[in-house]
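Please open the structure in your viewer and keep the selection tool at hand. The tour below goes from one selection to the next and says what to look for at each stop.

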Amino acid sequence: MTKVTMTVNGRQVSGEVEDRTLLVHFIRDKLGLTGTHVGCDTSQCGACVVHMDGRSIKSCSTLAVQAAGSEILTIEGLAKDGELHPVQAAFKANHGLQCGFCTPGMVMTAVDMINRYGGRLDEKTVRENLEGNICRCTGYHNIVKAILAAAAEMGAGRQAAE
Ligand code: FES
Ligand code: FES
């Protein structure tokens with residue numbers, strides 16, 4: 001067993017893990033943050049996406065020991081002071097979910113792509129960047145719509161602040 005320490009949603013956490021323990025299992029089983037889902041065992045579905053040092057990663061394909069010392073953000077860390085993150089609000093407003101199983105991973109992937117592209121995101125780029133996230137319910141249309149709406153809002157916010 002190895003002791004790992006990392007920052008998760010702004011809080012420093014530590015735990016004993018085996019060398020083979022996946023980050024997603026550390027997050028779910030040791031920290032009780034079950035918003036991060038496991039939807040496959042082939043690294044394809046993206047239900048497990050979290051941010052590590054500001055970039056989206058699949059936590060089912062990352063070892064907990066690899067995340068030692070890093071900053072992890074999960075879906076539970078997005079809302080601030082009881083207010084949904086703009087991407088969460090846009091998924092709600094645009095009906096970007098049905099069963100919700102894929103949603104945490106979709107939202108975390110969306111936040112990363114908006115951070116990278118800002119208000120310059122177009123539909124083609126959103127669809128390309130969603131290649132690692134599978135949704136069995138929605139047909140993706142409203143997910144894409146939600147991400148574009150959030151990007152426009154967040155991009156406009158950034159421009160207003162500049
Ligand atoms: S659980 Fe499916 S990609 Fe991670
Ligand atoms: S909303 Fe059901 S899998 Fe995406």
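Two strands are said to pair when DSSP finds at least two bridges between them, and that is the sense in which the word is used on this tour. The model in front of you is a predicted one.

**First stop: the hairpin of S1 and S2**

Select residues 2-8, which make up strand S1, and then add residues 11-17, which are strand S2. S1 and S2 pair in the antiparallel sense, over seven bridges, and together they form a hairpin with two residues between them. To follow the pairing, find methionine 6, which stands opposite valine 13 in S2, and then valine 8, whose bridge partner in S2 is arginine 11.

Now select asparagine 9, which sits in the loop between S1 and S2. What is the sign of phi at asparagine 9? Its phi is positive, about 50°, although asparagine 9 is not a glycine. Most residues other than glycine have a negative phi. With a relative accessible area of 26%, asparagine 9 is partly exposed, because that class covers the values between 20% and 50%.

**Second stop: the hairpin of S3 and S4**

Select strand S3, residues 49-52, together with strand S4, residues 55-58. Here too the pairing is antiparallel, this time over four bridges, and methionine 52 stands opposite arginine 55 in S4. S3 and S4 form a hairpin with two residues between them, and aspartate 53 in the turn has a positive phi of about 50°.

**Third stop: strand S5 and the whole sheet**

Add strand S5, residues 71-73, and look at what lies on either side of it. S5 runs parallel to S1, to which two bridges join it, and in this pairing threonine 7 has glutamate 71 as its bridge partner in S5. With S3, by contrast, S5 pairs in the antiparallel sense, again over two bridges, and the bridge partner of histidine 51 in S5 is leucine 73.

With these strands selected, in what order do they lie in the sheet? The order is S2-S1-S5-S3-S4, in an open sheet of five strands with mixed pairing. Strands S2 and S4 are the edge strands, each of them pairing on one side only, and from one strand to the next the twist averages 40°.

**Fourth stop: the helices on the sheet**

Select helix H1, residues 23-30, which lies across S1, S2, S3, S4 and S5 and runs at about 105° to S2. Then select helix H3, residues 103-117, which packs on the sheet and touches S3, S4 and S5, its direction making about 40° with that of S3.

To see one place where H3 and the sheet meet, show the side chains of valine 49, in strand S3, and threonine 109, in helix H3. Is valine 49 buried or exposed? At 5% relative accessibility valine 49 counts as buried, and so does threonine 109 at 6%, because buried means under 20% relative accessible area. Leaving aside residues up to four places away in sequence, valine 49 touches Ser56, Ile57, Lys58, Gly105, Met108, Thr109 and Asn133. On the same basis, the contacts of threonine 109 are Val49, Asn129, Leu130 and Asn133. You may also mark the C-alpha atoms of valine 49 and cysteine 60, which are 11 residues apart along the chain and separated by 8.2 Å.

**Last stop: H2 against H3**

Keep H3 selected and add helix H2, residues 86-93. The axes of H2 and H3 come within 9 Å and cross at roughly 125°, so the two helices are oblique to each other, and their crossing is right-handed. On the H2 side the residues to display are Val87, Gln88 and Phe91, and these meet Thr103, Met106, Val107, Ala110, Val111 and Ile114 in H3. By class, this contact has seven nonpolar, two polar and no charged residues.

Finally, select histidine 95, in the loop between H2 and H3. Histidine 95 is a residue other than glycine with a positive phi, near 55°, and with a relative accessible area of 58% it is exposed, because exposed means over 50%.

Methods
Residues are numbered from 1 along each chain as its sequence is written. Chains are lettered from A and ligands numbered from 1 in the order in which they are written. This is a predicted model: local features need pLDDT of at least 70, side-chain atom pairs count only at pLDDT 80 or more; totals for chains, interfaces and linings use all residues. Side-chain values use heavy atoms; hydrogens and water are left out. Axes are lines fitted to C-alpha atoms, for helices over the stretch in contact, and angles run from 0 to 180 degrees between N-to-C directions. Contact means heavy atoms within 4.5 Å. Buried means under 20% relative accessible area, exposed over 50%, partly exposed in between (1.4 Å probe, protein chains only). Angles under 35 degrees count as roughly parallel, over 145 as roughly antiparallel, 65 to 115 as roughly perpendicular and the rest as oblique. A crossing is left-handed if the near helix is turned anticlockwise from the far one by less than a right angle, and right-handed if clockwise. Ala, Val, Leu, Ile, Met, Phe, Trp, Tyr, Cys and Pro count as nonpolar, Asp, Glu, Lys and Arg as charged, and the others, Gly among them, as polar.
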